[in-house]
Amino acid sequence: MSDSLSPSLTSVPNASGHFGAYGGMFVPETLMTPLQDLARAYEEIKRDPSFQRELDGLLKDYVGRPSPLYFAERFTEEVARENGGKGPRIYLKREDLLHTGAHKINNALGQVLLAIRMGKKRIIAETGAGQHGVATATVCARFGLECVVYMGEVDMERQALNVIRMRALGATVVPVTAGQKTLKEAVSEAMRDWVTNVNTTFYILGSALGSHPYPMIVRDFQRVIGEEARRQILDKEGRLPDVIVACVGGGSNAIGIFHPFLEDREVRLVGVEAGGDGILPGRHAARFQGGVLGVLQGTRTYVLQNEDGQIDLTHSVSAGLDYAAVGPEHAFLRDAGRVDYGFATDAEALEAFKFLAETEGIIPALESSHAVAHARKIAGALGDGKILIVNLSGRGDKDVQQAAKHLGISGEAKSVKTARS
């Protein structure tokens, strides 16, 4: 292992939930007590070996962990061909193979076990792409708990398959019709519900954002991704990777794979935001490309907002990245220079969606496709002998209809001429 980073980088957040200048608890007074209760309960279960044994057992037998670290041979070959025959060995961390099809279940399972220990019988959640909603509905079904999921009306239309899945699992899916009708509004509605029903309700927040202690809790439950990847790459290659790439919306899959590598200075960590139609006002969700310091939904971080502090419109082909703020730990790591953040446009992500499907027989989520696109973009500069890991955070079943509209893929029957002898 390389020289350790300063304690200020590896010991965050502090007791007040701050990651340097970011994070904290910017919430109504009515939520301060339940958030403080949640933080205390979480600190208690972290020290309880029986909790970790139960979680580990379910992650293995119910969720399907460990997820594979797969050497993408054809993808590697095709990327090298694009770069004159040179390029890194590319591995995919296959979170798409988990139960429910994405990394979201790691956190949903951990939080539902915490909710049960706190005596809460009603679970609420927000969702954008629907994967966190599906994961939450799944664990609620597993433990017999009431489940209510808030989802923007626009996201319900473009992620209709996941809406059906949630309802099939017994969840109530509540359409949110305010504002842009996407993830930001879904979070707001979930917070309103929690304020009203805090005595009986547990809010399973799905990404590494929001008020303390959520960014810390979500990161800790997603660290399993990076812990596994670290062991797996050492086993396969005998050394650590040169680069790890992950998409960043709120930032849960990225912080999960990055965190166990933070002290390894030789490992470059790259987060990929949603570039949308390009870095134009209202047409992207790349907070580090146009955001400023602000407060949104309980936390201080980089936010896309105008000079008056009003939240800008955002856009991404991927519902899960279409959010105006980024998790506070990502803002901290970016300022510290430990993680680099780039972006991929809608067009680049869609091309990567198609490219990975055709080279590896793996259909990635549109969120994950942003990471695939950026990995493909930087591979030429890495050259031979390097190792690159892409966190494939979810599968693309939910996105096939959406992608088909943009890529011109048809499901219509067509006549085929066959060769005759």
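Let's start in the middle of a sheet: strands β6 and β7 (residues 172-176) run parallel, with five bridges joining them. One pairing to look for is V148, whose bridge partner in β7 is T172. Keep in mind that what you're looking at is a predicted model.

Now turn to the other neighbour of β6. Strand β5 (residues 122-127) also runs parallel to β6, and six bridges join the two. V148 shows up here again, as the bridge partner of I124. To get from β5 to β6, the chain goes by way of helix α6 (residues 131-143), and the resulting β-α-β crossover is right-handed. So how covered is β6 itself? Mostly: of the seven residues in this strand (146-152), six are buried.

Next, have a look at helix α8, which spans residues 160-168. Its buried residues are N162, V163 and M166. Because they cover an arc of only 105° around the axis, these residues sit on the same side of α8. Flip to the other side of the helix and you'll find I164 and A168, both exposed.

What does the buried set pack against? Quite a list: the strands β5, β6 and β7, plus helices α6 and α7 (153-158). That brings us back to the strands we began with, as β6 is joined to β7 by five bridges and to β5 by six.

One last stop, just past the helix: α8 is followed by G170, and the phi of this glycine is positive, near 95°.

Note on methods:
Residues numbered from 1 in each chain as written. Predicted model: local features only at pLDDT ≥ 70, side-chain atom pairs only at ≥ 80, totals over all residues. Heavy atoms only, no water. Buried < 20%, exposed > 50% of the residue type's maximum accessible area, 1.4 Å probe, protein only. Helix = DSSP H or I, 4+ residues; strand = E, 2+ residues; numbered from the N terminus. Pairing = 2+ DSSP bridges. Right-handed = clockwise from strand over helix to strand, strands pointing away. Arc of directions from axis to C-beta. Contact = heavy atoms within 4.5 Å.
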